[in-house]
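Here are a few short exercises to work through with the model open in your viewer. Try each task before you read its solution.

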Amino acid sequence: MPYTTYLVEKGASHSFVAEAKPPTVTMPRIKALMTGSLPGFVDVVRNLNSPVLLEDNVLRQAAAAGKRIIFYGDETWVRLFPKHFVEHDGTTSFFVSDYTEVDDNVTRHLETVLKRDDWDVLILHYLGLDHIGHLSGPHSPLVGHKLSEMDSVLMKIHLALLSKERASLLPSLLVLCGDHGMSETGSHGASSMEEVSTPLVLISSAFERSPGNARRPRHVQQTDLAATLAIGLGLPIPQSSVGRLLFQVLEGRPMRDQLRFLHLNAVQLSRLLQENVPLYEKDPGFEQFKISERLHGNWIKLYLEENSSEVLLNLGTKVLRQYLDALQSLSLSLSRQVAHYDTYSMAVGAALVLESLAACLWPWSELDVLIVMGTVGHVLSLGASSFIEEEHQTWYFLVSTLCLALCQDVCRKHFLGCSKEDGAPQGDRREEPGPREADPALRDGAVRCAMLEGTGVCGAASAFEALGSAERQMVLASPWAVLCCCRLLRALNQTGVQGAHRPDLGHWLTSSDHKAALSALTAFSLLAVFLLVHRRCSPMSRVVLALGLLGVYCYRAAIGNVMSPWQRGSKDVSKGIMEARFVYVFVLGILFTGTKDLLRSQVAAAGAKARTVGLWEIHSGLVLLAALLLRPHNLPVLVSSLLVQTLMANFIWKPLSHDTAEVTVMHYWFGQAFFYFQGNSNNIATVDISAGFVGLEQYVEGPAVFLTAFATYVGPVLWASHLVNYLSSEASSLPALRHACFCYALVGSVPVSAYVVLVTSLRYHLFIWSVFSPKLLYEGMRALVTAAVCSFFTAADQATLART
Amino acid sequence: MKDPDIKRLLYAHLLCIFSVILSTFIPSIFLENFSILETHLTWLCVCSAFVTAVNLVLYLVVKPKTPSKRSSLSHKVARFLKCCIYFLISCFGFHVIFVLYGAPLIELVLETFLFAVILSTFTTVPCLCLLGPNIRAWLRVFSRNGVTSIWENSLQITTISSIVGAWLGAFPIPLDWERPWQVWPISCTLGATFGYVAGLAISPLWIYWNRKQLTYKNN
């Protein structure tokens, strides 16, 4: 941005880096810019019902003073300040995949407005850069282009303002600021350094030109802008502003004016302190303010006596510094909130007590103990903000421990089985020729098994005995394979607050240098998805699935994420709507076929087979939709999900005869882990909004919400769908599906209910806005998804019941 | 079992606990700037050396069983080498498990390996000393009802408690308290040590408490 750089380095401007407070989403940030207050400090309940901003703010003061305000840009402003603008044109802020038209809508007014003389304040809110971030991240080539566009707009405005000043002799002020930053992935909402740092540049001919050396921008708070604007425009400072006047803008003024403005700011802050803090007189900021007021009085007396300017200057500087310190302390006291006590120690204490109770649960198998303790431990961990921010670590840890417990289970059964044959080495079991010959060995095994273990394990041991040696080795190796899969996926997407900015494989793949690697990976993943899913489909849906996966690759090639072999050079990237709609047709086709088979199974004689095929086809339809909506670097997550499902179903659950409850909880845990493997977290910033615009021309609320929700919860939904398939194909017991539905609902609703109670009791916590509220939104959404899944279970169960 | 047996067990365990405590204090006499948190890797090496030494001493002096056959020197050396190999295999095995749990693969390799070493010292070395390099015997002891003496019972308890201690020690890692003991692998190694010491302290008491119910199949 050459013009802006010139202004910042050499022009009459002051530049700062303004730190925004979370949540770094547009509406709270606009409130902070205009009112100078923090969302958690003032009572927000008033604003919950009406979107109109009721607190005192700069725009209201300006409108009351008769200033004429014009606004073009994000319609959030129009909703917040409905009556304050004499003229406005709002653009919808939700259509994330458009980044040219939203800005053209603003720029087209610019020509005419800059020539007119009938306004005092002009506010322009450009959305294009934000949308580009959501679409393709901060390192995409579109960003440079957009920034040059913004630079030319800035130049146009600045030159127009300069020409106006020659006519009217009053200096004007151009403020360039941002409402929030952009994280490494291009979204925002949380409190990482890149998201909270925004630029703030104040350009005016009233400032002095700086000397040639480059100045580093100072760090200030975003809330300081409201106080500065109010004083600059001659308006009262908004009542609940906690910001300090940016002193650098007063540099050229006479000392009396400087002290006066600082006094105004200090009085406002001290009054706010008085209202909100009971022991305000003891506050260090208040004491400093009193001292500076007294010194100010002395300075005024000296000034009026027209004493020598040397003494006046020295005293004045001292008063200035005193005021600035007082302002800093006052501002800090007001921004600090109620002290928080992390409930972590209480949670850990409770967890330890419960884990020690596990010793009493010795008669249960280790797997059941792990499942119960894991669920209880997870629910307790929701009380600590660090564990919510890093919830993915909890789930990865639980899943790894689960795999190790399964390993131990498998080894125990394997080695105990082998130790029956005295002297026979490990792998040297002869294959049992048939069930009849195996009977004596099984009986022996059952007897000895009863000696060594509890009686409940006998059935499992005998099912295990019936496996051949190759299958046994697969059974022994599967938990390790699952562990390796999970470890590789962990390296794919770093998520959570501490890890989000660390480089990971996902970043490496999406950078534009490695497009070839990404294309190869995408192609390979889509092929792997086909190989894993097609086996149990009917022939026609197999063909449709293959075509659908091909369509997904074409879509990704059309929008430019991957390279396509038939495109030479870089053509214009399109929105890929046609390809996406083709894939939607295929998805709907497969889902329709599956539902048809499911309904047919209720009626016709070949019930069970058609039912399993139908359910599997519905599953593969969901897999195809997921392949379309997931970002290309996340396709390995989909492949791993299907691979782990296959391995566990064929080599762990069936041979070891786990019961319904255990299988359901394991599905639930894996679903949660895969939710985080994809890159999601308990942060609003990681929701992938661009998935809601796949194949859509413009923003249509219903499909966009559905697609975004599906793309976020792909993990849990696919695992739940696999659970239905697994239990139906078992055909062991009819109540299995109902039992599983109950277990799933229980295991899904216990964390939600406990969390709602926790959030209510933690509502004054320091992190209520940055950590606990986003998590509440996620939990609410997940409860909806769980409810949808359970209704699907019930429908499949009804199909079973109606058949019998 | 008889009470003198339990008393011997108790003294042996007290000696082990004492060795762990010594390992935290003695190196500060010889080395400057020694502390558990600052020079953690040094402490890990020292602690595992002490515990191994004490276990070997107990094995040579207080041996509960005496296999009198085949005690030729070459056989003893072969057994010793086999023990070393098993110990190394268990170190590598633990290292692989930690990496699969999420420890970084390329960075902090020495820290992860030393954590594996100390966990092997707490779990594998007592097994080797008590049961020898005999996988079959290990499997027998760790199946539910296969113990044949109070030493094997206490071995079960200490092994499981050090592994559980290491597992629980992973809990503080995601927290943002920024304490020096939250760095990998300090919280886990301290957890493993506490678990081991707790197991050593609890097992004689538990055996004494349940001495009437415990019966062993003696070979």
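**Exercise 1.** Find the bridge partner of Val17(A) in strand 6 of chain A, then its partner in strand 7 of chain A.

*Solution.* Start with strand 6 of chain A: there, Val17(A) bridges to Pro199(A). Now go to strand 7 of chain A, where the partner of Val17(A) is His219(A). Phe16(A) has a bridge partner in strand 7 of chain A too, namely Arg218(A). Strands here are DSSP runs of E with at least two residues, helices are runs of H or I with at least four, and both are numbered from the N terminus.

A quick note on the set-up: this is a predicted model, where local features need pLDDT of at least 70, side-chain atom pairs count only at pLDDT 80 or more, and totals for chains, interfaces and linings use all residues. Residues count from 1 along each chain as its sequence is written, chains are lettered from A and ligands numbered from 1 in written order, and side-chain values use heavy atoms, leaving out hydrogens and water.

**Exercise 2.** Work out the sense in which strand 1 of chain A pairs with strand 6 of chain A and with strand 7 of chain A, then place them in a sheet.

*Solution.* Strands pair if DSSP finds at least two bridges between them. Strand 1 (residues 13–19) of chain A and strand 7 of chain A are parallel, with four bridges. Strand 1 and strand 6 of chain A run antiparallel, joined by seven bridges. Put together, the four strands make an open, mixed sheet in the order 5-6-1-7 (chain A). Its edges are strand 5 (173–177) and strand 7 (218–221) of chain A, each pairing on one side only.

**Exercise 3.** Is strand 1 of chain A mostly covered or uncovered?

*Solution.* Count the buried residues (under 20% relative accessible area, with a 1.4 Å probe and protein chains only). Five of the seven residues in strand 1 of chain A are buried, which leaves the strand mostly covered. Across chain A, buried residues make up 52% of the 804.

**Exercise 4.** Classify how helix 11 (residues 255–276) and helix 13 (residues 309–335) of chain A cross.

*Solution.* Fit axes to the C-alpha atoms over the stretch in contact, with angles from 0 to 180 degrees between N-to-C directions. The two axes come within 10 Å and cross at roughly 25°. Helix 11 of chain A is therefore roughly parallel to helix 13 of chain A, since angles under 35 degrees get that label.

Terms used. Angles under 35 degrees count as roughly parallel, over 145 as roughly antiparallel, 65 to 115 as roughly perpendicular and the rest as oblique. Buried means under 20% relative accessible area, exposed over 50%, partly exposed in between (1.4 Å probe, protein chains only).
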